[in-house]
Amino acid sequence: MARSGTVHVCSACGHEEPRWHGRCPGCGEWNSLVEEARAGSSGRSPARAGGAGLKPIPLADVHAPELARLLTGIGELDRVLGGGIVPGSVVLIGGAPGIGKSTLTNMALGNLASAGHRTLYVSGEESTAQVRLRAARLPAGALTVPAIAETDLETVIATLERERPDVCVIDSVQTLDARELSGAPGSVGQVREVAGRIVAVAKRERIAVLLVGHVTKEGALAGPRVLEHLVDCVLAFEGERERTYRTVRAIKNRFGSTNEAGVFEMRQDGLVEVLDASARFVDAATRAPGSVVLAAMEGTRPLLVEVQALVTPSELVPPRRVVNGFDRNRLALVLAVLTRHGGVPLASSDVFVNVVGGVRVDEPGADLAVALAVASAARGAPLGPPEASTPLAAFGELGLTGELRWVGHPERRLAEARKFGLETVIAPAGSDGHDAATLRDALTVALPQLAVRQRARVAA
Ligand code: TYD
Ligand code: MG
C-alpha cells in the first residue's frame with residue numbers, strides 16, 4: 001500500500017507501483033511510470049476483515065442462464081460480437097479518429113431502439129446537435145436515440161443509474177473526466193478510473209455498454225491498451241481513413257470467438273456491411289504484371305483480395321520498401337526469401353506492395369501472394385499460364401528455407417477462389433490446389449516463361 005494518496009502507473013502497460021521506478025517492473029519500458037492520484041472507487045477492494053470465506057461450487061452446479069443477446073441489427077457487428085451484445089457486458093471499440101466509431105455505435109443504438117430496447121448515447125466529444133447531424137444521415141432509428149453531451153463522470157454515472165438503459169454508448173472513454181483525479185482526461189489514470197467505474201455500474205445495473213476508445217495509428221495511446229483486461233470484449237476498428245473499406249475485428253471476447261472480422265464500407269449514408277467483399281475485390285483484379293489474388297481468411301470467413309506490387313530501379317541505399325495493408329517486417333522476410341530462394345534480385349530496387357481497397361491482411365497465409373506479386377512486378381510478366389483468362393490466386397506461408405508451409409482452412413480458401421471462377425490457385429502441399437512444396441515450385445507455375453528462361457540459362 002502506498003503511504004500517500006498517489007500511485008505510479010506505467011503508461012505502456014498500466015502496471016502499478018507505489019513508488020517511482022525508472023524502468024517499469026511490469027513490461028520493462030523505460031521512463032513510462034506516471035504519477036496518478038490513487039483511484040478510490042475502482043481500486044482493488046481491500047480484503048474484507050474477519051470474512052468467513054466462501055464455499056466453492058462445482059462448475060457443473062453453477063447456474064448459467066442462456067442470455068438473450070441484444071442484436072444490433074448490423075449483421076457484421078453481431079457476428080464479430082459472437083451473436084449480438086450480451087446484456088450487462090462492456091464492449092470496448094477502439095479505432096483511430098475518423099474511422100467511423102461514432103457512426104457504427106450510433107447505428108447500432110438506432111437499430112436497438114427501433115427493436116424496442118432502451119438506449120442512451122453519451123457523447124463527450126460532440127454536442128448533441130452534432131450527434132443529431134450525424135444521426136440524420138443514418139437509418140431512421142438513429143434519430144430516436146436519447147442522447148446527452150457530458151464529460152463529467154459523476155453526472156454520466158448518475159444518468160445511467162437513473163435511466164437504466166438496456167444499452168448505452170459512451171463516446172469516448174478518453175473524454176470523460178473523473179474529478180477526484182488530478183490528471184487530464186485521457187491520461188492513463190483517468191481512463192482506467194473512468195472505465196472501472198463504468199464497468200461497475202454496467203454490471204450492477206445490467207446495462208450493456210459500448211465504450212468507444214481512440215487509438216493512434218500505432219495503437220499506442222493511453223486508453224484501450226490499459227483497458228483490455230477490464231472489459232468483456234475488445235473490438236478493433238481498422239482501415240485507412242481515406243479508403244472506403246474498414247474491418248471490425250474482435251481482439252478479446254469473453255462471449256465468443258476472436259477469429260471473426262466484419263467488413264464495412266463508409267458511404268454517404270453511414271457504414272454499410274460488405275457481404276460480397278470477395279466479389280468486389282476479384283472483379284477489380286486484372287492479369288497485369290504485379291497483381292495476384294490472395295485467398296485470405298478474415299476470421300472464419302474466406303476473403304479474396306488483390307495484392308499489387310511495383311518494382312522500380314532504386315537510387316537510394318538502402319532501397320525503399322513501402323507497404324500498405326501488410327506487415328513491414330513480414331515484407332522484409334518475404335523479399336529476403338524471394339531473393340535467396342526465388343532467384344529474384346531486389347537489392348537495388350524499390351519495392352511497393354499494396355493490398356487493394358484498404359484491407360489489412362495480418363496472417364502468414366499472405367506471404368506467397370506478396371512474393372508472387374513482387375516477382376511478377378520485377379519480371380514485368382503477368383502471373384499464371386499465358387492462356388489464362390482470370391487472375392492467379394495464391395496463399396501459403398513462406399519458410400526461411402524457401403519452403404511453402406501449410407496454413408489454416410485451405411479448403412475454404414480454395415472453395416472461395418473456385419466460387420469466383422479463379423482457374424489457378426497456388427497453394428501449399430496438401431491443400432488440393434496447384435500444390436507447391438517450395439517457393440521455387442510456385443514460381444515455376446506462376447511465371448512459366450521465367451522458368452523456361454532459367455532452365456535455358458542453366459543448360460547453356
Ligand atoms: P465518425 O463516426 O465520426 O468517426 P469516429 O467516431 O471514429 O472518429 O465518422 C468518420 C467519418 O465518416 C467522418 O469523417 C465522416 C464520414 N461519414 C460518412 O462518410 N458517411 C456517413 O454517413 C457518416 C455518418 C460519416
Ligand atoms: Mg467519434
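This is a short dialogue on how to read a predicted model with one bound ligand as its starting point.

Biologist: I am new to this structure. What kind of model is it?

Modeller: The model is predicted. Let us start at ligand 1.

Biologist: How many residues surround ligand 1, and which are the closest?

Modeller: Begin with the shell. Ligand 1 has 15 residues around it. The closest are Lys-101, Ser-102, Thr-103, Arg-267 and Gly-270.

Biologist: What classes of residue make up that shell?

Modeller: The shell has 4 nonpolar, 6 polar and 5 charged residues.

Biologist: Which polar atoms lie close enough to ligand 1 to count as contacts?

Modeller: A pair of N or O atoms counts within 3.5 Å. Take Thr-103: an N or O atom of its side chain is 2.5 Å from an oxygen of ligand 1. Gly-100 uses its backbone instead, with a polar atom 2.9 Å from a ligand oxygen. For Arg-137, a side-chain N or O atom is 3.3 Å from a nitrogen of ligand 1.

Biologist: How much of ligand 1 does the protein bury?

Modeller: Compare the ligand alone with the ligand in place. Alone, ligand 1 exposes 560 Å². The protein buries 77% of that.

Biologist: Which elements give two or more residues to the shell?

Modeller: They are helix 2 (101-114), helix 3 (128-137) and strand 11 (261-267). Helix 2 gives the largest share, 3 residues.

Biologist: Strand 11 brings us to the sheets. In what order do the strands of the 9-stranded sheet lie?

Modeller: Read a sheet from one edge to the other. Here the order is 6-5-7-8-4-9-10-11-12. The sheet is open, and its pairing is mixed.

Biologist: Why is one side of strand 6 and of strand 12 left without a neighbour?

Modeller: Strand 6 (147-149) and strand 12 (270-273) are at the edges. Each has a single partner strand, so one side of each lacks a neighbour in the sheet.

Biologist: What is the average twist from one strand to the next?

Modeller: The twist averages 25°.

Biologist: How do strand 5 and strand 7 run, and how many bridges join them?

Modeller: Look at direction, then count bridges. Strand 5 (residues 119-123) and strand 7 (residues 167-171) run parallel, joined by 5 bridges. One place to look is Tyr-121, whose bridge partner in strand 7 is Val-169.

Biologist: And the side chains along a strand?

Modeller: In a regular strand, side chains alternate between the two faces of the sheet.

Biologist: How many aromatic pairs does the structure hold?

Modeller: The structure holds 1 aromatic pair. Two values describe such a pair: the distance of the ring centres and the angle of the planes. For Phe-237 and Phe-264, the centres are 6.4 Å apart and the planes stand at 65°, so the pair is edge-to-face. Phe-237 belongs to strand 9 (residues 233-238) and Phe-264 to strand 11, so the pair ties together parts 27 residues apart in sequence.

Biologist: What is the strand order in the sheet of 7 strands?

Modeller: This open sheet has the order 15-16-14-13-17-20-21, with mixed pairing. Strand 15 and strand 21 (434-436) are the edge strands, each pairing on one side only.

Biologist: In which sense do strand 14 and strand 16 pair?

Modeller: They pair in the antiparallel sense, over 7 bridges. Thr-312 stands opposite Asp-350 in strand 16.

Biologist: How do strand 17 and strand 20 run?

Modeller: Strand 17 (residues 393-394) and strand 20 (residues 425-428) run parallel, with 2 bridges. Ala-394 stands opposite Ile-426 in strand 20. Strand 20 also runs parallel to strand 21, joined by 3 bridges. There, Ala-427 has Asp-435 as its bridge partner.

Biologist: Now the backbone. Which residues does a cis peptide bond join?

Modeller: Check omega. One cis bond joins Asp-171 and Ser-172, with omega about 10°. Ser-172 sits in the loop between strand 7 and helix 5 (188-205). The bond from Val-317 to Pro-318 is also cis, with omega near -10°. Pro-318 is in the loop between strand 14 (301-313) and strand 15 (321-324).

Biologist: Which residues other than glycine have a positive phi?

Modeller: Arg-206 is one of them, with phi about 50°. Arg-206 is in the loop between helix 5 and strand 8 (208-214). His-409 has phi near 55°. His-409 lies in the loop between strand 19 (404-405) and helix 10 (410-419).

Conventions:
Residues numbered from 1 in each chain as written. Chains lettered and ligands numbered in written order. Predicted model: local features only at pLDDT ≥ 70, side-chain atom pairs only at ≥ 80, totals over all residues. Heavy atoms only, no water. Near = heavy atom within 4 Å. Polar contact = N/O pair within 3.5 Å; in protein donor to acceptor, adjacent residues only side chain to side chain. Areas by Shrake-Rupley, 256 points an atom, 1.4 Å probe, with all protein chains shown as cover. Helix = DSSP H or I, 4+ residues; strand = E, 2+ residues; numbered from the N terminus. Nonpolar A, V, L, I, M, F, W, Y, C, P; charged D, E, K, R; others polar. Pairing = 2+ DSSP bridges. Axes fitted to C-alpha atoms, helices over the stretch in contact; angles between N-to-C directions. Phe/Tyr/Trp six-rings, centres within 6.5 Å; stacked < 30°, edge-to-face > 60°.
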